[in-house]
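Here are my notes on this model, as numbered points. Please read them with the structure open.

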Amino acid sequence: MPENGFLTHAQLKTPKAAAIAGIVFSLLLLSILWLLRTSIPADPLEPGAWLATDTRAVTVALNLVPFAGVAFLWFIGVLRDRLAQLEDRFFATVFFGSGLLFLAMLFAAAAVIGAIVLVASVSTPQELMNSATFRFARAASYIIMNVYALKMAAVFMITTCTLSLRTGIFPRWMAFLGLVLALFLLLTTGSFYWAPLVFPLFILLISVYILLVNLRKAS
């Protein structure tokens with residue numbers, strides 16, 4: 001294939017891969033959050049009565065977390081490749097670092113919840129619910145996900161939108177919308193139980209846009 005043709009093919013293929021990875025991540029994370037938040041009460045100090053019920057929805061959500069993590073890493077990598085020489089080192093560092101920290105917090109929260117479910121499966125729910133270990137693990141998973149992970153997601157959104165304003169990888173109105181949503185995530189401290197849905201919905205929005213633009217270019 002001639003060099004120009006190869007470069008054109010790569011330019012068309014890269015954003016499409018980023019869009020597909022972003023869509024897969026968004027749908028997986030939306031499913032995870034929905035399953036967890038409809039199965040586990042919002043109050044981090046609740047007594048744990050949900051452990052005595054069917055926890056299959058929680059188990060399914062936890063099993064989806066690694067796949068969401070892989071898709072998110074793919075999304076970050078392909079998007080950075082799309083930026084190429086336009087990528088600023090400062091914003092690239094914050095962009096990549098906040099993304100990795102978000103994944104670390106997501107995995108940590110999932111591991112703690114998974115440990116609670118595993119212990120509950122080999123002991124009586126009442127014995128676990130009355131223990132200080134359960135109360136600590138329950139509160140820790142809530143804080144990790146609803147405070148620290150959300151803040152890293154907000155930083156990721158801010159850097160992504162700032163890079164877009166500098167490079168034009170998606171429309172300016174979408175970037176400004178992302179900045180407003182990121183500010184909302186930064187200011188919320190767990191008072192809005194469904195606030196984490198903002199992050200995957202924003203990633204879904206920009207991914208669908210990138211995919212549609214790519215398909216139009218290809219046609």
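**Notes on the fold and its helix packing**

1. Contact range. Start with the contacts in the protein that have a separation of 6 or more: residues 24 or more positions apart account for 81% of them. Keep in mind that this is a predicted model.

2. Secondary structure. The protein has seven helices and zero strands. Read from the N terminus, its elements run α-α-α-α-α-α-α.

3. Burial and surface. The protein has 219 residues, and buried ones make up 46% of them. The exposed area is about 11,300 Å². Carbon and sulfur atoms supply 70% of that area.

4. The α3/α5 pair. Helix α3 spans residues 89-122, and helix α5 spans residues 132-167. Their axes lie 8 Å apart, and the packing angle is about 160 degrees. Angles over 145 degrees count as roughly antiparallel, and α3 and α5 are therefore roughly antiparallel to each other. Their crossing is left-handed. The residues of this contact between α3 and α5 divide into 23 nonpolar, six polar and two charged.

5. The α5/α6 pair. What is the crossing angle of α5 and α6? Roughly 160 degrees, with the axes coming within 8 Å. That makes α5 roughly antiparallel to α6. The crossing of α5 and α6 is left-handed. By class, the contact of α5 with α6 has 13 nonpolar, two polar and two charged residues.

6. Who meets whom between α5 and α6. On the α5 side, the residues are L150, K151, A154, M157, I158, C161, S164 and L165. On the α6 side, they are R172, A175, F176, G178, L179, L181, A182, L185 and L186. K151 and R172 are charged, because Lys and Arg fall in that class. S164 and G178 count as polar, since Gly is placed there along with the residues not listed as nonpolar or charged.

7. L186. This residue lies in helix α6, which covers residues 172-187. Is L186 buried or partly exposed? It is partly exposed, because its relative accessible area is 32%, and the buried class requires under 20%. Leaving aside residues up to four places away in sequence, L186 touches K151, A154 and I158. K151, A154 and I158 are also among the α5 residues that meet α6. L186 and L150 are 36 residues apart in sequence, yet their C-alpha atoms are 7.3 Å apart in space.

8. F72. This residue is found in helix α2, residues 56-83. F72 counts as buried because its relative accessibility is 0%. Which residues does F72 touch, not counting those up to four places away in sequence? They are F25, G99, F102, L103, F156 and F199. G99, F102 and L103 fall within the α3 range of residues 89-122. F156 falls within the α5 range of residues 132-167. F72 and I23 sit 49 residues apart in sequence, with a C-alpha to C-alpha distance of 9.4 Å.

9. R56. Helix α2 also holds R56. At 61% relative accessibility, R56 counts as exposed, because the exposed class begins over 50%. The C-alpha atoms of R56 and V117 are separated by 9.8 Å, although the two are 61 residues apart along the chain.

10. Two residues of α2 side by side. F72 is in α2, and so is R56. F72 is buried at 0% relative accessibility, whereas R56 is exposed at 61%.

Notes
Residues are numbered from 1 along each chain as its sequence is written. This is a predicted model: local features need pLDDT of at least 70, side-chain atom pairs count only at pLDDT 80 or more; totals for chains, interfaces and linings use all residues. Side-chain values use heavy atoms; hydrogens and water are left out. Axes are lines fitted to C-alpha atoms, for helices over the stretch in contact, and angles run from 0 to 180 degrees between N-to-C directions. Helices (H or I, at least four residues) and strands (E, at least two) are DSSP runs, numbered from the N terminus. Angles under 35 degrees count as roughly parallel, over 145 as roughly antiparallel, 65 to 115 as roughly perpendicular and the rest as oblique. A crossing is left-handed if the near helix is turned anticlockwise from the far one by less than a right angle, and right-handed if clockwise. Buried means under 20% relative accessible area, exposed over 50%, partly exposed in between (1.4 Å probe, protein chains only). Contact means heavy atoms within 4.5 Å. Accessible areas come from the Shrake-Rupley method with a 1.4 Å probe; for residues, only the protein chains shown count as cover.
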